[in-house]
Amino acid sequence: MAERFVLASASPRRRELLEQVGAEFEIIPAVGEEVMASSEPQEAVMELSAQKAAEVAGKLQGEEAVILGADTVVAYEGQILGKPRDEAEAERMLSLLCGNTHSVYTGVTIIRMQNGQTERCSFYEETKVTMYPMDREQILAYIRTGEPMDKAGAYGIQGKGALFVEKINGDYNNVVGLPIAKVFQTIESNWM
């Protein structure tokens, strides 16, 4: 991709996924407050990704760029589980998820600004994750590592949380935070 490519996120996991595929990009994180109007996980992540991409597009007004905004949530039985506020909330989330199957949704918005025109494409990806049963001591030991505290659903599949994942159905990278193949296939099919 020859155009300026901008990631509208400070997520180290999204950065690592882009680096892993050799993408050349810069990071301009969205910093505005996220407003989730929908309680439907697939709608919520698309709203949040659109807000991030639009905020950064506003900062680059008049420039030519492709801007990537993304947001990930975990949902169990229709309930959205974001990042835990504290250890007690992390324990509650992990207690819900262990021994069950939940969904990980990532919403993606790609904005292309070129020749004074702005085009936008949004989509979401869903991956089903089944976790092994965990007892309270395992949950508390995992929380003590600190890893759950900045992750949607209070676990990281790419870290120590991998020990508790029995199986996934769908895109592994989506659970990490970005369905990288779908992102590039979408860019390719829409604008290349």
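## Close-up views of a predicted model

**View 1. Glu-126 and Lys-128 are joined by a salt bridge, with 3.3 Å between the closest N and O atoms.** The model shown here and in the other views is predicted. Glu-126 is partly exposed, at a relative accessible area of 31%. Lys-128 is also partly exposed, at 38%. The whole structure holds 13 salt bridges.

**View 2. A salt bridge connects Glu-125 in strand 6 with Lys-182 in helix 6.** The side chains meet at 3.3 Å, N to O. The partners lie in distant parts of the chain, 57 residues apart. Which class does Glu-125 fall into, buried or exposed? Glu-125 counts as buried because its relative accessible area is 19% and the cut-off is under 20%. Lys-182 is partly exposed, with a relative accessible area of 33%.

**View 3. Asp-150 and Lys-151 form a salt bridge.** The closest N and O atoms are 2.8 Å apart. Asp-150 is partly exposed, with 35% relative accessible area. Lys-151 is buried, at 11% relative accessibility. Elsewhere, Arg-4, Glu-26 and Glu-63 belong to one network, built from salt bridges that share partners.

**View 4. Phe-5 and Phe-184 make an edge-to-face aromatic pair.** Two values describe the geometry of such a pair: the distance of the ring centres and the angle of the planes. For Phe-5 and Phe-184 the centres are 5.8 Å apart and the planes are at 65°. That angle makes the pair edge-to-face, because the class begins over 60 degrees. The contact bridges distant parts of the chain, 179 residues apart. Phe-5 sits in strand 1 (residues 5–7), and Phe-184 in helix 6 (residues 180–191). Phe-5 is buried, at 4% relative accessibility. Phe-184 is partly exposed, at 25%.

**View 5. Tyr-105 and Tyr-124 form a tilted ring pair.** The centres lie 6.0 Å apart. The planes meet at 50°, so the pair is tilted. Tyr-105 belongs to strand 5 (residues 101–114) and Tyr-124 to strand 6 (residues 117–131). The pair therefore ties together parts that are 19 residues apart in sequence. Tyr-105 is buried, at 10% relative accessibility. Tyr-124 is partly exposed, with a relative accessible area of 32%. The count of aromatic pairs in the model is three.

**View 6. Asn-115 and Ala-154 have positive phi values, although neither is glycine.** Phi of Asn-115 is near 50°. Asn-115 lies in the loop between strand 5 and strand 6. Phi of Ala-154 is near 70°. The loop holding Ala-154 runs between helix 4 (136–144) and strand 7 (165–169). Which residue is exposed, with a relative accessible area of 61%? Asn-115 is. Ala-154, by contrast, is buried, with a relative accessible area of 0%.

**View 7. The largest nonpolar core has 38 residues.** Leu-18, Leu-68, Val-108, Ile-110, Tyr-155, Leu-178 and Val-183 touch the most other members. Which element gives the largest share of this core? Strand 3 (residues 65–76) does, with five residues. A second, separate core has 11 residues, among them Ile-28, Ala-53, Val-56 and Leu-60. In soluble globular proteins, nonpolar side chains tend to be buried together.

**View 8. Leu-178 is shown with its contacts.** Residues up to four places away in sequence are left out. The contacts include Leu-17, Leu-18, Leu-68, Ala-70, Val-108 and Val-183. Arg-14, Thr-106 and Asn-173 also touch Leu-178. Of these contacts, Leu-18, Leu-68, Val-108 and Val-183 are, like Leu-178, listed among the core members that touch the most others.

**View 9. Helix 2 covers residues 41–59, 19 residues in total.** At 1.5 Å a residue, the expected span is 27 Å. The end C-alpha atoms are 28 Å apart, which agrees. The buried residues of helix 2 include Pro-41, Val-45, Met-46, Leu-48, Ala-53 and Val-56. Ser-49 and Lys-52 are buried too. What covers the buried residues of helix 2? The cover includes strand 1, helix 1 (12–20) and strand 3. Strand 4 (79–81), strand 5 and strand 6 also contribute. Two of the buried helix residues, Ala-53 and Val-56, are members of the second core.

Methods:
Residues numbered from 1 in each chain as written. Predicted model: local features only at pLDDT ≥ 70, side-chain atom pairs only at ≥ 80, totals over all residues. Heavy atoms only, no water. Phe/Tyr/Trp six-rings, centres within 6.5 Å; stacked < 30°, edge-to-face > 60°. Helix = DSSP H or I, 4+ residues; strand = E, 2+ residues; numbered from the N terminus. Buried < 20%, exposed > 50% of the residue type's maximum accessible area, 1.4 Å probe, protein only. Core = buried A, V, L, I, M, F, W, Y, C linked by side-chain atoms within 4.5 Å. Contact = heavy atoms within 4.5 Å. Salt bridge = Lys/Arg side-chain N within 4 Å of Asp/Glu carboxyl O. Expected span 1.5 Å × (residues − 1).
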